[in-house]
Amino acid sequence: MNPAVPPLSRRPFRSLFVLLVSGLLATSAVWAAKGNKDERKDLRREMGMDISGVKAKGRDVAPDPRDRKPSSTDPQNRMLTKLREQLEVVDDDEWDVIAVRIEKLEEVRRGVSSSAPADRTKRTSSNVERDMLRAAVSDKLPEAEIKSRLARAREAYHQNEDRLAAAQADLRAVLSVRQEAITVLAGLLPP
(Lines give C-alpha, C1' and ligand atoms only; values in the text may rest on other atoms or scores of the structure.)
Protein backbone atom coordinates (compact mmCIF):
# COMPACT_ATOMS: atom_id res chain seq x y z
CA MET A 1 0.00 0.00 0.00
CA ASN A 2 1.05 3.48 -0.72
CA PRO A 3 1.52 5.49 2.47
CA ALA A 4 0.59 8.76 0.70
CA VAL A 5 -2.90 7.46 -0.11
CA PRO A 6 -4.95 6.92 3.00
CA PRO A 7 -6.44 3.45 3.31
CA LEU A 8 -10.05 3.27 2.10
CA SER A 9 -12.55 2.05 4.52
CA ARG A 10 -14.45 -0.97 3.43
CA ARG A 11 -17.67 0.44 4.86
CA PRO A 12 -18.54 2.80 1.93
CA PHE A 13 -17.87 -0.02 -0.54
CA ARG A 14 -20.22 -2.31 1.35
CA SER A 15 -22.96 0.34 1.27
CA LEU A 16 -22.43 0.86 -2.43
CA PHE A 17 -22.43 -2.89 -3.03
CA VAL A 18 -25.70 -3.30 -1.07
CA LEU A 19 -27.31 -0.49 -3.05
CA LEU A 20 -26.19 -2.02 -6.33
CA VAL A 21 -27.44 -5.48 -5.42
CA SER A 22 -30.79 -4.19 -4.16
CA GLY A 23 -31.20 -2.15 -7.37
CA LEU A 24 -30.49 -5.21 -9.45
CA LEU A 25 -32.96 -7.26 -7.45
CA ALA A 26 -35.64 -4.60 -7.88
CA THR A 27 -34.95 -4.44 -11.61
CA SER A 28 -35.14 -8.19 -11.92
CA ALA A 29 -38.46 -8.17 -10.04
CA VAL A 30 -39.82 -5.62 -12.50
CA TRP A 31 -38.61 -7.71 -15.43
CA ALA A 32 -40.16 -10.79 -13.89
CA ALA A 33 -43.50 -9.00 -13.53
CA LYS A 34 -43.30 -7.87 -17.14
CA GLY A 35 -42.57 -11.42 -18.12
CA ASN A 36 -45.74 -12.50 -16.34
CA LYS A 37 -47.67 -9.82 -18.22
CA ASP A 38 -46.27 -11.09 -21.49
CA GLU A 39 -47.23 -14.62 -20.55
CA ARG A 40 -50.76 -13.45 -19.70
CA LYS A 41 -51.01 -11.62 -23.03
CA ASP A 42 -49.88 -14.72 -24.88
CA LEU A 43 -52.40 -16.82 -22.99
CA ARG A 44 -55.19 -14.37 -23.83
CA ARG A 45 -54.24 -14.43 -27.50
CA GLU A 46 -54.28 -18.21 -27.46
CA MET A 47 -57.76 -18.14 -25.92
CA GLY A 48 -58.99 -15.89 -28.73
CA MET A 49 -58.96 -12.66 -26.76
CA ASP A 50 -57.15 -9.48 -27.57
CA ILE A 51 -54.88 -7.79 -25.06
CA SER A 52 -57.68 -5.76 -23.46
CA GLY A 53 -59.52 -8.95 -22.50
CA VAL A 54 -62.26 -8.62 -25.11
CA LYS A 55 -62.90 -11.55 -27.41
CA ALA A 56 -61.02 -11.11 -30.67
CA LYS A 57 -63.07 -11.00 -33.82
CA GLY A 58 -61.17 -13.30 -36.10
CA ARG A 59 -62.32 -15.57 -38.87
CA ASP A 60 -62.44 -18.56 -36.55
CA VAL A 61 -64.40 -16.73 -33.82
CA ALA A 62 -68.16 -16.47 -34.30
CA PRO A 63 -69.49 -12.92 -33.88
CA ASP A 64 -71.27 -12.27 -30.64
CA PRO A 65 -74.78 -10.87 -31.26
CA ARG A 66 -74.44 -8.77 -28.11
CA ASP A 67 -71.55 -6.85 -29.73
CA ARG A 68 -73.78 -5.27 -32.36
CA LYS A 69 -74.93 -1.69 -31.94
CA PRO A 70 -78.33 -1.72 -30.22
CA SER A 71 -81.24 -0.25 -32.11
CA SER A 72 -83.71 2.17 -30.58
CA THR A 73 -86.23 -0.61 -29.93
CA ASP A 74 -83.86 -2.87 -28.00
CA PRO A 75 -84.49 -1.32 -24.56
CA GLN A 76 -88.23 -1.63 -25.10
CA ASN A 77 -87.88 -5.24 -26.27
CA ARG A 78 -85.75 -6.07 -23.23
CA MET A 79 -88.34 -4.47 -20.97
CA LEU A 80 -91.14 -6.43 -22.63
CA THR A 81 -89.20 -9.70 -22.41
CA LYS A 82 -88.52 -9.16 -18.72
CA LEU A 83 -92.16 -8.24 -18.11
CA ARG A 84 -93.30 -11.38 -19.95
CA GLU A 85 -91.13 -13.47 -17.64
CA GLN A 86 -92.51 -11.72 -14.57
CA LEU A 87 -96.09 -12.13 -15.77
CA GLU A 88 -95.34 -15.81 -16.48
CA VAL A 89 -96.98 -15.70 -19.91
CA VAL A 90 -96.01 -18.81 -21.89
CA ASP A 91 -98.61 -18.69 -24.66
CA ASP A 92 -97.44 -16.56 -27.59
CA ASP A 93 -100.96 -15.60 -28.63
CA GLU A 94 -101.77 -14.38 -25.14
CA TRP A 95 -98.52 -12.42 -25.03
CA ASP A 96 -99.25 -10.81 -28.40
CA VAL A 97 -102.53 -9.43 -27.03
CA ILE A 98 -100.86 -8.13 -23.86
CA ALA A 99 -97.83 -6.68 -25.68
CA VAL A 100 -99.97 -4.74 -28.15
CA ARG A 101 -101.93 -3.19 -25.29
CA ILE A 102 -98.75 -2.32 -23.39
CA GLU A 103 -97.29 -0.64 -26.48
CA LYS A 104 -100.52 1.31 -27.01
CA LEU A 105 -100.47 2.37 -23.36
CA GLU A 106 -96.86 3.57 -23.67
CA GLU A 107 -97.66 5.48 -26.85
CA VAL A 108 -100.58 7.25 -25.19
CA ARG A 109 -98.48 7.92 -22.09
CA ARG A 110 -95.82 9.64 -24.23
CA GLY A 111 -98.54 11.88 -25.68
CA VAL A 112 -99.82 12.80 -22.23
CA SER A 113 -96.43 13.61 -20.77
CA SER A 114 -95.34 17.20 -20.76
CA SER A 115 -92.12 16.46 -22.62
CA ALA A 116 -91.98 16.16 -26.39
CA PRO A 117 -92.33 12.66 -27.81
CA ALA A 118 -89.21 10.66 -28.64
CA ASP A 119 -90.09 10.70 -32.32
CA ARG A 120 -90.11 14.38 -33.30
CA THR A 121 -92.21 13.70 -36.39
CA LYS A 122 -95.12 12.46 -34.27
CA ARG A 123 -96.69 15.50 -32.69
CA THR A 124 -99.73 14.86 -30.54
CA SER A 125 -102.49 17.41 -30.31
CA SER A 126 -101.46 18.10 -26.72
CA ASN A 127 -97.94 19.02 -27.78
CA VAL A 128 -99.19 21.18 -30.66
CA GLU A 129 -101.55 23.04 -28.35
CA ARG A 130 -98.81 23.42 -25.76
CA ASP A 131 -96.45 24.84 -28.41
CA MET A 132 -99.12 27.31 -29.52
CA LEU A 133 -99.65 28.36 -25.90
CA ARG A 134 -95.90 28.77 -25.42
CA ALA A 135 -95.72 30.95 -28.55
CA ALA A 136 -98.64 33.09 -27.34
CA VAL A 137 -96.94 33.71 -24.01
CA SER A 138 -93.50 34.42 -25.50
CA ASP A 139 -94.98 36.71 -28.19
CA LYS A 140 -97.00 38.52 -25.50
CA LEU A 141 -100.27 38.12 -27.38
CA PRO A 142 -103.44 39.68 -25.97
CA GLU A 143 -104.92 38.04 -22.88
CA ALA A 144 -108.00 36.83 -24.79
CA GLU A 145 -105.80 34.87 -27.26
CA ILE A 146 -103.74 33.36 -24.43
CA LYS A 147 -106.96 32.39 -22.66
CA SER A 148 -108.35 30.63 -25.76
CA ARG A 149 -105.04 28.78 -26.37
CA LEU A 150 -104.92 27.78 -22.73
CA ALA A 151 -108.45 26.35 -23.03
CA ARG A 152 -107.46 24.37 -26.16
CA ALA A 153 -104.32 23.04 -24.43
CA ARG A 154 -106.39 22.02 -21.41
CA GLU A 155 -108.95 20.27 -23.63
CA ALA A 156 -106.21 18.37 -25.52
CA TYR A 157 -104.65 17.36 -22.19
CA HIS A 158 -107.99 16.03 -20.89
CA GLN A 159 -108.58 14.12 -24.14
CA ASN A 160 -105.16 12.48 -23.79
CA GLU A 161 -105.86 11.67 -20.14
CA ASP A 162 -109.11 9.98 -21.24
CA ARG A 163 -107.20 8.01 -23.89
CA LEU A 164 -104.67 6.98 -21.23
CA ALA A 165 -107.42 5.79 -18.89
CA ALA A 166 -109.01 3.81 -21.75
CA ALA A 167 -105.64 2.21 -22.66
CA GLN A 168 -105.10 1.28 -19.00
CA ALA A 169 -108.58 -0.25 -18.82
CA ASP A 170 -107.91 -2.22 -22.03
CA LEU A 171 -104.73 -3.64 -20.52
CA ARG A 172 -106.41 -4.47 -17.21
CA ALA A 173 -109.15 -6.35 -19.09
CA VAL A 174 -106.71 -9.03 -20.32
CA LEU A 175 -104.67 -9.45 -17.12
CA SER A 176 -105.22 -11.71 -14.14
CA VAL A 177 -105.20 -10.13 -10.68
CA ARG A 178 -101.60 -11.25 -10.09
CA GLN A 179 -100.51 -9.92 -13.49
CA GLU A 180 -102.26 -6.63 -12.81
CA ALA A 181 -100.39 -6.31 -9.53
CA ILE A 182 -97.09 -6.95 -11.34
CA THR A 183 -97.85 -4.26 -13.94
CA VAL A 184 -98.75 -1.84 -11.14
CA LEU A 185 -95.41 -2.57 -9.48
CA ALA A 186 -93.68 -2.10 -12.87
CA GLY A 187 -95.25 1.34 -13.14
CA LEU A 188 -97.44 0.61 -16.14
CA LEU A 189 -100.74 0.90 -14.32
CA PRO A 190 -101.80 3.03 -11.39
CA PRO A 191 -102.93 1.14 -8.28
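Helices here are DSSP runs of at least four residues, numbered from the N terminus. With that in hand, let us walk through this predicted model, starting at helix α2 and moving along the chain.

**Helix α2 and what follows**

Helix α2 covers residues 74–87, which makes 14 residues. At 1.5 Å a residue they should span 20 Å, and the end C-alpha atoms are indeed 20 Å apart, so expectation and model agree. Its buried residues are Asp74, Leu80, Leu83, Arg84 and Leu87. Two charged residues, Asp74 and Arg84, are thus listed there beside the leucines.

Right after α2 comes Glu88, which sits in the loop between α2 and α3. Glu88 is not a glycine, yet its phi is positive.

**Two loop residues with positive phi**

Lys140 is another residue other than glycine with a positive phi. Here are both, with their loops and accessibilities:

| Residue | Phi | Loop | Relative accessibility |
|---|---|---|---|
| Glu88 | about 60° | between α2 and α3 | 56% |
| Lys140 | near 55° | between α4 (125–138) and α5 (143–173) | 73% |

Exposed means over 50% relative accessible area. Glu88 therefore counts as exposed at 56%, and Lys140 counts as exposed at 73%.

**A negative patch**

On the surface, Asp91, Asp93, Glu94 and Asp96 gather in a patch of negative charge. One of them, Asp93, belongs to helix α3, which runs over residues 92–112. Asp93 has 55% relative accessibility, so this residue counts as exposed too.

Definitions and conventions
Residues are numbered from 1 along each chain as its sequence is written. This is a predicted model: local features need pLDDT of at least 70, side-chain atom pairs count only at pLDDT 80 or more; totals for chains, interfaces and linings use all residues. Side-chain values use heavy atoms; hydrogens and water are left out. Patches are made of residues with over 30% relative accessible area and no salt bridge: like charges are joined within 9 Å, nonpolar side chains (Val, Leu, Ile, Met, Phe, Trp, Tyr) within 5 Å. Accessible areas come from the Shrake-Rupley method with a 1.4 Å probe; for residues, only the protein chains shown count as cover. A salt bridge is a side-chain nitrogen of Lys or Arg within 4 Å of a carboxyl oxygen of Asp or Glu. The place of a charge is taken as NZ of Lys, CZ of Arg, CG of Asp or CD of Glu. Buried means under 20% relative accessible area, exposed over 50%, partly exposed in between (1.4 Å probe, protein chains only). The expected span of a helix is 1.5 Å times one less than its number of residues.
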